[in-house]
Amino acid sequence: MNETASPSERYRQGMATRRAVLGDAHVDRAATTSTEFDRPFQELITEAAWGHVWSRPALTKRERSIVTIALLAALGQDDEVAMHVRATANTGATREDICEALLHVAIYAGVPAANHAIKIAKQAFEQMDAEKAA
């Protein structure tokens, strides 16, 4: 938030949820690399995506994770797919959950979109496994 305004309650909730899902290291990296130019965007996604949508009680973080990965895969948002696949370590979504979501993507958004997202998910899982083994 800018220096003159204190963070709103929605922003504070969003930051807590963002950290719970993506992890402190990711959020700290985003904050460290944030500039005057993109700071308003960081505030927007923290408040709107994380504070308003991801913090709602109707779906679990696991369920939101599954939905988010499917949507991002359908939209071809490769970097975001990888980030949210890595976040499954914090949300409780399983590899089976992600496989099922990507099968839905294949039927409803197209086989190429699902095929590419599966490749990205496999790479993310390999990276996660290597980090866990180290």
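Reader: In which helix is G14 found?

Author: This is a predicted model, and in it G14 is found in helix α1. A helix may be described by its residue range and by its span from end to end. Helix α1 covers residues 9-22, which makes 14 residues. From its first C-alpha to its last, α1 reaches 20 Å, close to the 20 Å expected at 1.5 Å a residue.

Reader: Is G14 buried or exposed?

Author: The label depends on relative accessible area, and a residue is called buried when this value is under 20%. G14 has a relative accessible area of 0%, so G14 is buried. The list of buried residues in α1 also includes Y11, M15, T17, R18, V21 and L22.

Reader: What covers the buried residues of α1?

Author: The cover includes α2 (24-33), α3, α4 and α5. For a single residue, one may ask which partners lie beyond its neighbours in sequence. Leaving aside neighbours within four places in sequence, G14 is in contact with T46, W50 and G51. A separation along the chain can also be set beside a distance in space: G14 and V27 are 13 residues apart along the chain, and their C-alpha atoms are separated by 11 Å.

Reader: Which residue follows α1, and what is the sign of its phi?

Author: The residue after α1 is G23, and its phi is positive, near 95°.

Reader: How many salt bridges are found in the whole structure?

Author: A search of the whole structure finds six. One of them joins R12 and E9, whose closest N and O atoms are 3.2 Å apart.

Reader: Why are R12 and E9 separated by about one helical turn?

Author: Here the positions in sequence give the reason. R12 and E9 are separated by about one helical turn because they are three residues apart in helix α1. As to accessibility, E9 counts as exposed at 51%, whereas R12 is partly exposed, with a relative accessible area of 43%.

Reader: With which residue does D28 form a salt bridge?

Author: D28 forms a salt bridge with R19, and the closest N and O atoms are 2.8 Å apart. Both partners are partly exposed: D28 has 36% relative accessibility, and R19 has 28%. Salt bridges may also be read as a network, and one such network links R19, D24 and D28. Another pair is E36 and R39, whose side chains meet in a salt bridge at 3.6 Å, N to O. E36 is exposed, with a relative accessible area of 67%, while R39 counts as partly exposed at 30%.

Reader: Which residues make a nonpolar surface patch?

Author: L59, V67 and L71 make a nonpolar surface patch of about 250 Å². The place of L71 is in helix α4, residues 61-75. Helix α4 has 15 residues and reaches 21 Å between its first and last C-alpha atoms, close to the 21 Å expected at 1.5 Å a residue.

Reader: Which residues of α4 are buried?

Author: The buried residues of α4 are R64, S65, I66, T68, I69, A70, L72 and A73. Their cover includes α3 (39-53), α5 (78-91), α6 (95-109) and α7 (111-133). After α4 comes G76, whose phi is positive, near 70°.

Reader: How far apart are the C-alpha atoms of H116 and G76?

Author: They are separated by 8.2 Å, although the two residues are 40 residues apart along the chain. H116 lies in helix α7 and is partly exposed, with a relative accessible area of 32%.

Reader: Is F125 buried or exposed?

Author: F125 is also a residue of helix α7. At 11% relative accessibility, F125 counts as buried. Beyond its neighbours within four places in sequence, F125 is in contact with V85, T88, R95 and I98. The C-alpha atoms of F125 and A89 are separated by 9.9 Å, and these residues are 36 residues apart along the chain.

Reader: What feature does UniProt place at residues 41-122?

Author: A record can supply a name for a stretch of chain, and the atoms can then describe that stretch. An unreviewed UniProt entry places the feature "domain: Carboxymuconolactone decarboxylase-like" at residues 41-122. Over residues 41-122 the chain is 84% helix and 0% strand. The end C-alpha atoms of this stretch are 30 Å apart.

How values were computed. Residues numbered from 1 in each chain as written. Predicted model: local features only at pLDDT ≥ 70, side-chain atom pairs only at ≥ 80, totals over all residues. Heavy atoms only, no water. Patch = residues over 30% accessible without salt bridge, like charges linked within 9 Å, V, L, I, M, F, W, Y side chains within 5 Å. Areas by Shrake-Rupley, 256 points an atom, 1.4 Å probe, with all protein chains shown as cover. Salt bridge = Lys/Arg side-chain N within 4 Å of Asp/Glu carboxyl O. Helix = DSSP H or I, 4+ residues; strand = E, 2+ residues; numbered from the N terminus. Expected span 1.5 Å × (residues − 1). Buried < 20%, exposed > 50% of the residue type's maximum accessible area, 1.4 Å probe, protein only. Contact = heavy atoms within 4.5 Å. UniProt positions renumbered as here; feature names shortened; annotations may be inferred.
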